[in-house]
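Reader: I have a two-chain model open and would like to learn how to read it feature by feature. Could you walk me through it?

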Amino acid sequence: MFAWLSNLWHSGWGMAAAAMLAVLLLGALAPHDPMHAVSQPEQSPSLLFPFGTDMLGRDMLSRIMVGIQRTALSAIAATLLALAIGISLGAVALAFGGFVDIGMLASLNAWLAIPPLILALALITITGSGFLQIAVATGLAFCAPVAFVVRAGALEVRSRLFVMAGRASGASTVRLWWSHILPNLYPLIASYGIVIFSYSILGNAALQFLGLGGEPGAPDLGAMMSEGRFYMRAAPWSVIAPGVALTLIILIANAIARRVGRGAH
Amino acid sequence: MWALRRATAGIVTVLLAASFSFFLLRAVPGNAVRAVLLESGAGQSAIAAREAALGLNQPLLSQYANYMSGLLRADLGVSLLTGQPVAEIVSAQASFTLQLAFTALLIGLPLGLILGLLGGISARSVFTPFRVLVALLLALPTYWLGILALYLLTFVIPIRESLVSAPILLPAAVLGLSVAGSIGRVTQGQVESTAGENFVVQARAKGLPEGDIAVKYILRPGLVPIAASAVLQFGFLAGGVVMTEILFSRPGLGRTMLDAVLRQDFPVVQGIVVWTAAILVAANFLMEAAYSWIDPRVRLVE
């Protein structure tokens, strides 16, 4: 009876939906105010405060819950941006071909030759620091690999018979891409998108750690680690908890990507 | 012929990366000169004079032409703040970063190979500890690992004092663990796909020791992708290990990059971008040249 549910879970999409739902609910379920002191500072974990309190007496559990939500949302924004730009660039390169393709490939190679964190830092010089800004910088930094993957996938799909049939029946290039080639790339894009998501999580958290996330005191996982490390002796949980949360998000995202990817092949 | 084509493509890549960073960084209003002089209460005329001395008042395209022609002479311009040549800053900082990158690779490469080999061979049961370890190493943020290592060695097992004589050891070990994660995953994938091949079964049937089979028969054919991932890792590390350098208060390119970004010192940001692109391109070039030596089946033909 629940076979379809089990199938959904194993295909990765059920797992992705569950994770998404959890992310959306987490912020609302936080038991305490994550931004203000609710108890004495640096209290060790107890029944009332399962992850203890931080150096300012804020409830760590609530901060982690809201932090997971914020970090995941900023990584989703970065991923969507990387996908939108990457897919467009990859499609345009291949659709025009010739010098456009060669020029685009050379440019993408140059983009790819700069390590992502360095690239994101350089982009922050332009966007400035802030919650949304670092998501934009991370998204732009990851658009080149997406473009390469989309271009490679489309190259294969384009050679298939139904695309040729579409062209023979007089479909325009835009229509050919929109309703024949791209839909066949969705599984590839989805599984690669989740990989980009887990890179974005790490990238965003790193930028938050460096203090570029804006809004001092906001419960972002990277910022929490950075602030907490100076109080490590008295309140080690204020660094351990956000790190465990971050690692869990990546592990879950990688598991989903593996399952979705398996379905794509 | 192959080398010439590859080298040309590589140089084009680096020049394009330099051009991107040039135009992107100039899309923002303001620069370090303006920010610093305004803060110190200098007048508009003083700012204009300083900008003129640095060539910042020229039209964008002539600034670009100057920058690119300088680049060909390995002249990366001067820092807007200190006036020090960027090439000098980069080469001074790069030596610290390269030391760290090499040491990390020295620790991470063997570790990743061993973990990947052991995890790949026992592919049957998903939850073998080695596979879990590789997945974990890939998911752990390096800087968090670094904080935990500092905590453990300072408060729990206080042996950090004894590490003072070799301050590179701890950051390199932490970085090495994350390198081991990436290399472990590639190795694991390669080993898994080779372990079931007929020549492996044959070697086993012949009665060869398992250790020989693992290294000479299973690991050997998959070395090219593993080497490629190691080179990519090294390129990333050499480009500035921002987080590790900040966490362990080490000098280096990553820290310099962050400072330059925060102060809008464009030439320095640009110099580091060009350096990272160049090192990655060069590393890839050398690696591709070495492919046929690593794996005789590979021939460098177009």
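Author: Gladly! Let us begin where the chains meet. The area buried between chain A and chain B is about 3400 Å², and carbon and sulfur atoms give 83% of that area. Keep in mind as we go that this is a predicted model.

Reader: How many residues does each chain bring to the contact?

Author: Chain A supplies 38 residues and chain B supplies 40 residues. On the chain A side, A:Ile118, A:Thr125 and A:Ile126 lose the most area to chain B. Together these three make up 17% of what that side buries.

Reader: Let me step back to the folds. What elements is chain A made of?

Author: Counting helices and strands is a good opening move for any chain. Chain A has 11 helices and 0 strands, so its element string, read from the N terminus, is simply α-α-α-α-α-α-α-α-α-α-α. Along the principal axes, its C-alpha atoms fill a box of roughly 75 × 55 × 25 Å.

Reader: And which elements does chain B have?

Author: Chain B has 14 helices and 0 strands. The C-alpha trace of chain B spans about 85 × 60 × 30 Å along its principal axes.

Reader: What share of each chain counts as buried?

Author: For chain A, 51% of the 265 residues count as buried. For chain B, the share is 45% of 302 residues. You can set the surface beside those shares: chain A has an accessible surface of about 11800 Å², with 71% belonging to carbon and sulfur atoms. Chain B exposes about 14700 Å², and carbon and sulfur atoms supply 67% of that.

Reader: How should I read contacts along the sequence?

Author: Look at how far apart in sequence the partners sit. In chain A, of the contacts with a separation of 6 or more, 69% are between residues 24 or more positions apart. In chain B, among contacts between residues at least 6 apart in sequence, 71% join residues at least 24 apart.

Reader: What about charges? How far apart are the mean positions of the positive and negative ones in each chain?

Author: In chain A, the mean positions of the 13 positive and 9 negative charges are 16 Å apart. In chain B, with 19 positive and 15 negative charges, the mean positions are 5 Å apart.

Reader: Now the interior. Which residues have the most contacts inside the largest nonpolar core?

Author: Here is the general idea: in soluble globular proteins, nonpolar side chains tend to be buried together. In this model, the largest nonpolar core has 103 residues, and those with the most contacts inside it are A:Ile64, A:Leu121, A:Leu210, A:Leu212, A:Leu221, B:Tyr143 and B:Met257. Helix 11 of chain A, residues 237-264, gives the largest share of this core, 12 residues. A second, separate core has 24 residues, including B:Ile213, B:Ile218, B:Val241 and B:Ile279.

Reader: What does A:Leu221 touch, beyond residues up to four places away in sequence?

Author: Its partners include A:Ile64, A:Ile68, A:Pro242, A:Leu246 and A:Ile249. Among them are also A:Gly67, A:Thr71 and A:Gln208.

Reader: Is A:Gly193 buried or exposed?

Author: Check relative accessibility against the cut-off: A:Gly193 is at 7%, under 20%, so this glycine counts as buried. A:Gly193 lies in helix 9 of chain A, residues 173-209. Leaving aside neighbours within four places in sequence, A:Gly193 is in contact with A:Thr79 and A:Leu83. A:Val146 is 47 residues away from A:Gly193 in sequence, and their C-alpha atoms are 8.0 Å apart.

Reader: Why does A:Gln69 count as buried?

Author: The same cut-off settles this one: A:Gln69 is buried because its relative accessible area of 17% is under 20%. This glutamine sits in helix 3 of chain A, residues 60-96. Not counting residues up to four places away, A:Gln69 touches A:Val23, A:Leu24 and A:Gly27.

Reader: Last one, backbone angles. Where does B:Ala74 lie, and what is its phi?

Author: B:Ala74 is in the loop between helix 4 (60-72) and helix 5 (86-121) of chain B. Its phi is near 60 degrees, a positive value in a residue other than glycine. B:Ala74 counts as exposed, at 58% relative accessibility. For B:Gln264, phi is near 55 degrees, again positive in a residue other than glycine. B:Gln264 is found in the loop between helix 13 (253-263) and helix 14 (266-294) of chain B.

Definitions and conventions. Residues numbered from 1 in each chain as written. Chains lettered and ligands numbered in written order. Predicted model: local features only at pLDDT ≥ 70, side-chain atom pairs only at ≥ 80, totals over all residues. Heavy atoms only, no water. Helix = DSSP H or I, 4+ residues; strand = E, 2+ residues; numbered from the N terminus. Buried < 20%, exposed > 50% of the residue type's maximum accessible area, 1.4 Å probe, protein only. Contact = heavy atoms within 4.5 Å. Areas by Shrake-Rupley, 256 points an atom, 1.4 Å probe, with all protein chains shown as cover. Lys, Arg positive; Asp, Glu negative; His and termini not counted. Charge placed at Lys NZ, Arg CZ, Asp CG, Glu CD. Core = buried A, V, L, I, M, F, W, Y, C linked by side-chain atoms within 4.5 Å. Buried area = accessible area lost by both parts, 1.4 Å probe.
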